[in-house]
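Morning, everyone. I have one structure to walk through today. Please have a look at the sequence and the model before I start.

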Amino acid sequence: MAINLSKGQKIDLTKTNPGLSKITVGLGWDTNKYDGGKDFDLDCSVFLTDTNNKVTKESNFIFFNNKQNENASVVHTGDNRTGEGDGDDEQIQVDLLNVPADVDKIAFTITIYEAEARSQNFGQVSRSYVRIVNDANSEELIRFDLGEDFSVETGVVVGELYRNGAEWKFNAIGSGYKDGLTGLTRDYGLN
């Protein structure tokens, strides 16, 4: 049975699940109907950072145009441009045992594509979540529902996996960005 997290809550992932190695991080959302007339396209991006919380090379910024890091230990399975249907809208596969040693954190974010041009923000998004599934048995281990705390934001850091010695933990972040992907890439050290 999955553990439901609250914003700011941290949990041991590998310590409480001995032998856990391959996981899928699923992100999902729905959009509210409104009269803007433009489709919503939300995107998951992943930032693999060092101990200073910075991405040190382009290959450690994973998104729909760069679907994996150098050794394929973190893989984006593809861009969902509509968010239609039930279940995860986008997924990231992570091989915890093979994440390069220089990666301290793996941050999962959701942004709205062309949000400013389309006059869209996370106030128009509902039922967004992140969940972690054990690939070995398809068991959902962790779930974090973001809630409806956003209004003008166009990007959100949903959560992060981070190293704690030899173990991996998960932190439910839920932090919004008014300047979407631009703000996220800036704060994670990319141009």
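I'll go through the sheet, one covered strand, the nonpolar cores and then the charged side chains.

A word on the source: this is a predicted model.

Start with the sheet. It is open, it has six strands, and the pairing is mixed. The order reads β1-β10-β9-β3-β7-β6. At the edges sit β1, residues 3–5, and β6, residues 74–76, and each of these pairs on one side only. From one strand to the next, the twist averages 20°.

Look inside that sheet at β9 and β10. Strand β9 covers residues 125–134, and β10 covers 139–145. They run antiparallel, joined by six bridges. For a landmark, find I132: across from this residue, in β10, is I142.

Now to β4, residues 42–49. How many of its eight residues are buried? Eight of the eight. In a regular strand, side chains alternate between the two faces of the sheet. Here L42, C44, V46 and L48 point one way. D43, S45, F47 and T49 point the other way. Both sets are buried.

Which strands does β4 pair with? One is β8, running antiparallel to β4 with eight bridges between them. There, F47 has A107 as its bridge partner. Another is β5, residues 61–62, also antiparallel, with two bridges to β4. In that pairing, V46 is matched with I62.

On to the cores. Nonpolar side chains tend to be buried together in soluble globular proteins. In this model, the largest nonpolar core has 40 residues. V94, I106 and L161 have the most contacts inside this core. Several strands give two or more residues to it, including β3, β4, β7 and β8. Strands β9, β10, β11 and β12 do so too.

Take I106 as a way in. Beyond its neighbours within four places in sequence, I106 contacts V46, F47 and L48. On the same list are V74, V94, V99, G159, E160, L161 and W168. A further core, of 10 residues, lies apart from the largest one. Among its members are V55, F63, Y188 and L190.

Last, the charges. The salt bridge count for the model comes to 11. One network links D88, R131, E140, R143 and D145. Within that network, R143 bridges to E140, with the closest N and O atoms 3.5 Å apart. R143 also meets D145, at 3.4 Å from N to O. D145 has a relative accessible area of 42%, so it counts as partly exposed.

Another pair is R186 and D179, at 2.9 Å, N to O. Is this pair at the buried or the exposed end? In between: R186 is partly exposed, because its relative accessibility is 46%. D179, at 35%, is partly exposed as well.

Now contrast D104. This residue is in the loop between β7, residues 90–95, and β8, residues 105–112. D104 is buried, yet has no salt bridge. Why not? The nearest side chain of opposite charge, R163, is 5.3 Å away, and a salt bridge has to be within 4 Å, so the pair does not count. What does D104 touch? Setting aside residues up to four places away in sequence, the list is T49, D50, T51, L161, Y162, R163 and W168.

That's the tour. Over to you for questions.

Definitions and conventions:
Residues numbered from 1 in each chain as written. Predicted model: local features only at pLDDT ≥ 70, side-chain atom pairs only at ≥ 80, totals over all residues. Heavy atoms only, no water. Pairing = 2+ DSSP bridges. Helix = DSSP H or I, 4+ residues; strand = E, 2+ residues; numbered from the N terminus. Axes fitted to C-alpha atoms, helices over the stretch in contact; angles between N-to-C directions. Buried < 20%, exposed > 50% of the residue type's maximum accessible area, 1.4 Å probe, protein only. Lys, Arg positive; Asp, Glu negative; His and termini not counted. Contact = heavy atoms within 4.5 Å. Core = buried A, V, L, I, M, F, W, Y, C linked by side-chain atoms within 4.5 Å.
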